[in-house]
Amino acid sequence: MSRYTDEPGDDRPGLDELEPAVELVLGDVDDDEDDYPEDATEDDIDLVVALYREDGQPVAVALGLEFANDLDELIAQLRRMPGDGGAVGLVSIASEFFVVVRVRGKHVQVLLSDELAAADWPIARDAAEFLGSELPEDDDDAGPIGDLDILADVGVPDFEIEALCDEDEDSDTLVERIAKKLKFGVQYRKTVQASFGL
């Protein structure tokens, strides 16, 4: 007598036992998504700018606001820039914190000015995850995380970056100082005024 019946369906042993496990995995994914910060809005985003040099000349380009919410997409966009020595991305959110991303081929460096921002903003959460950092238990332990020497070879040593992160000023002001130290001041200022009204 055949073990097959007229009833349709899959009678492989153990299939029913797999279904709860699949549901559990999917449930975990949903929980992670619920815990993820909401995207920064147009009003929240101060600026998203790329800096690079083409034939030795400084170039500043405004990027789409979507790149202020997704580190992977920002990195991919910076990788497309035609810079002689790669590109630097500058993001400022709600005048509270900034992110610096430097892409040179496959080499990527990231700096987040305030790791506490990872609790509230997607780009900061992405940066913290990229850097393998967890939120500190005590706010007093918070500070910048990532590559403080990210711009050391182009005129901004790590101690200056650290000092900027510690200053009690709007993050868009601090980002402009970085651009000036990189000798992109004029180009940066024109781009930010034209595209972000700052």
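This passage walks through the strand pairing, the nonpolar cores and the salt bridges of a predicted model.

The model is predicted, so local features need pLDDT of at least 70 and side-chain atom pairs count only at pLDDT 80 or more, while totals for chains, interfaces and linings use all residues. Residues are numbered from 1 along each chain as its sequence is written, and side-chain values use heavy atoms, with hydrogens and water left out.

A hairpin is a handy place to start. Helices (H or I, at least four residues) and strands (E, at least two) are DSSP runs, numbered from the N terminus. Strand 1 and strand 2 run antiparallel and are joined by 6 bridges; two strands pair if DSSP finds at least two bridges between them. Tyr 52 sits opposite Val 59 in strand 2. The hairpin has 2 residues between its strands, and Asp 55 in the turn shows a positive phi of about 55°.

After strand 2 (57-62), on the way to helix 2, comes a loop that holds Leu 63. Leu 63 counts as buried, with a relative accessibility of 8%; buried means under 20% relative accessible area, exposed over 50%, and partly exposed in between (1.4 Å probe, protein chains only). Contact here means heavy atoms within 4.5 Å. Not counting residues up to four places away in sequence, Leu 63 touches Val 48, Val 49, Ala 50, Leu 74, Gln 77, Met 81 and Phe 196. Leu 47 is 16 residues from Leu 63 along the chain, and their C-alpha atoms are separated by 8.3 Å.

What about the cores? A nonpolar core is a set of buried Ala, Val, Leu, Ile, Met, Phe, Trp, Tyr and Cys residues joined through side-chain atoms within 4.5 Å. The largest one has 31 residues, and Ile 93, Phe 97, Val 99 and Val 101 have the most contacts inside it. At least two residues of this core come from each of strand 1 (45-54), helix 2 (71-79), strand 3 (87-93), strand 4 (97-104), strand 5 (107-112) and helix 3 (122-130). Leaving aside neighbours within four places in sequence, Val 101 is in contact with Leu 71, Leu 74, Ile 75, Leu 78, Ala 87, Val 88, Gly 89, Val 108, Gln 109, Val 110 and Ile 150. Apart from the largest core lies another, of 24 residues, including Ala 60, Ile 150, Val 175 and Phe 196.

On the charged side, the structure holds 7 salt bridges, each a side-chain nitrogen of Lys or Arg within 4 Å of a carboxyl oxygen of Asp or Glu. One of them pairs Glu 160 with Lys 181 at 2.9 Å, N to O. This pair links distant parts of the chain, with Glu 160 in helix 4 (residues 158-166) and Lys 181 in helix 5 (residues 171-181), 21 residues apart. Glu 160 is partly exposed at 23%, and Lys 181 is partly exposed at 34%.

Arg 177 meets Glu 169 at 2.2 Å, N to O; Arg 177 is partly exposed, with a relative accessible area of 28%, and Glu 169 is partly exposed at 34%. Lys 180 and Glu 176 form a salt bridge as well, at 3.9 Å, N to O. Because these two are 4 residues apart in helix 5, about one helical turn separates Lys 180 from Glu 176. Lys 180 is exposed at 52%, whereas Glu 176 is buried at 17%. Elsewhere, Arg 102, Arg 104 and Asp 153 are joined into one network by salt bridges that share partners.
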